Amino acid sequence: MSFKVMNLSENQADCFLIILENVAKEQITILVDGNKENSDYQKVQELIYTNYKKLDFIVVSHVDDDHLGGIIKMLEDDKWKIAMNAKILYNHVAKGTISYEQAKTFEEQIKGRTIISSYTDEHIGDCGFLEILSETDRKICGEIEKNKDAKAYMTLIKPANFCLDKLRADCKRVLINGKKANAKLINRNSFVFLLEFEGKSAIFTGDATWKQIEKTLEKILPPEYIMDMIKIPHHGAMAENKKLAAYANAHGTRYFLVTGKEQWDDLHPNKKLIAEISQQCLKTEIYTLVEGIPGKNIRLEKECDIEK
């Protein structure tokens with residue numbers, strides 16, 4: 001059994017591949033975001049096809065180019081057959097409205113597919129050995145973290161103040177009135193999920209603020225919960241990650257994922273944030289492809305195997 005995360009991000013963009021393998025050697029593959037539209041998306045396609053021959057889920061955290069753009073290019077490629085049956089985890093912003101052009105393009109591409117939204121609080125059910133839960137489901141199932149069976153669990157998280165109606169209204173306002181998009185609103189309505197497998201856990205945060213996410217986690221997880229991995233929101237910007245280090249210290253977090261520019265600029269990830277994590281969290285490992293960040297706990301590696 002294994003729980004592996006691959007960082008395929010380019011420059012200041014997000015793209016991760018999660019591979020879960022159970023005791024029967026069955027695998028589930030999850031692509032989380034896809035870099036920018038002008039990225040080398042073919043490398044991501046080739047890696048998935050060569051090594052895994054299938055793609056079970058595509059998660060789009062939100063409709064910024066540095067998360068969605070590469071997904072659009074991949075789905076435009078008719079030869080990339082392994083993505084044809086992938087289930088889409090995404091919150092519509094253009095459905096029934098005039099919207100951002102990339103969101104509109106993407107939503108045309110995924111018509112007729114299985115689409116799972118975090119907006120619902122209904123039970124989703126099983127997809128192979130992965131069970132998808134609402135926040136209500138997860139709150140009821142308090143013993144998941146101790147249940148080291150062959151099942152994996154994905155809980156769909158709505159960050160505090162999550163409101164798709166506001167986001168959809170902003171989409172309409174932008175194109176009809178020519179106004180600038182509300183970037184904070186887009187980020188704060190990110191598709192966030194908690195993944196748990198063989199007693200290990202990881203949270204993928206999009207660009208929501210940590211304050212929003214922590215408020216929701218406090219409602220559905222027990223106080224003693226161990227959060228093994230955190231994907232740091234918004235390329236490690238300090239404003240979006242206040243008190244993240246304190247939460248990680250209190251909940252035994254060992255692994256962090258963060259993206260940013262190819263060469264570190266002290267801001268993405270923020271120098272103060274990296275220092276806080278390094279000082280407050282014991283046995284910390286920060287996985288990144290950003291070169292130039294000092295520290296013995298920085299891992300310039302694409303692959304991270306989550307271990308207890």
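Let me begin with a term: a residue is called buried when its relative accessible area is under 20%, exposed when it is over 50%, and partly exposed in between, with a 1.4 Å probe and protein chains only. What you see above is a predicted model, in which local features need pLDDT of at least 70 and side-chain atom pairs count only at pLDDT 80 or more, while totals for chains, interfaces and linings use all residues. Residues are numbered from 1 along each chain as its sequence is written, and side-chain values use heavy atoms, with hydrogens and water left out.

Helices (H or I, at least four residues) and strands (E, at least two) are DSSP runs numbered from the N terminus. Which residues of helix 3 are buried? In this helix, residues 101-109, they are Gln-102, Ala-103, Phe-106 and Glu-107. Because they cover an arc of only 130 degrees around the axis, they lie on the same side of helix 3, the arc being that of the directions from the helix axis to the C-beta atoms. These buried residues pack against helix 2 (65-76) and strand 5 (87-89), where contact means heavy atoms within 4.5 Å.

Strand 5 also belongs to an open sheet of seven strands, in the order 6-5-4-3-2-1-16 and with mixed pairing; two strands pair if DSSP finds at least two bridges between them. The edges are strand 6 (115-116) and strand 16 (303-305), each of which pairs on one side only. Strand 1 (residues 2-7) runs antiparallel to strand 16 and is joined to that strand by three bridges, with Val-5 standing opposite Cys-304 of strand 16.

Let me turn to a loop residue. Glu-262 sits between strand 13 (255-257) and helix 9 (271-280), and it counts as exposed because its relative accessibility is 52%. Leaving aside neighbours within four places in sequence, Glu-262 is in contact with Asn-11, Leu-289, Val-290 and Glu-291. From Lys-158, by contrast, Glu-262 is 104 residues away in sequence and 31 Å away in space, C-alpha to C-alpha.

Finally, the linings of the internal spaces. The residues lining the largest cavity include Val-60, Ser-61, Tyr-90 and Phe-191, and those lining the second largest include Asp-14, Ser-61, Phe-191 and Lys-231; a cavity here is a set of points, on a 1 Å grid over the protein atoms alone, where a 1.4 Å probe fits but cannot get out, and lining residues have an atom within 4 Å of a point.

Notes
1 Å grid on protein atoms, 1.4 Å probe; cavity = no way out; pocket = protein on both sides within 12 Å on 5 of 7 lines; lining within 4 Å.
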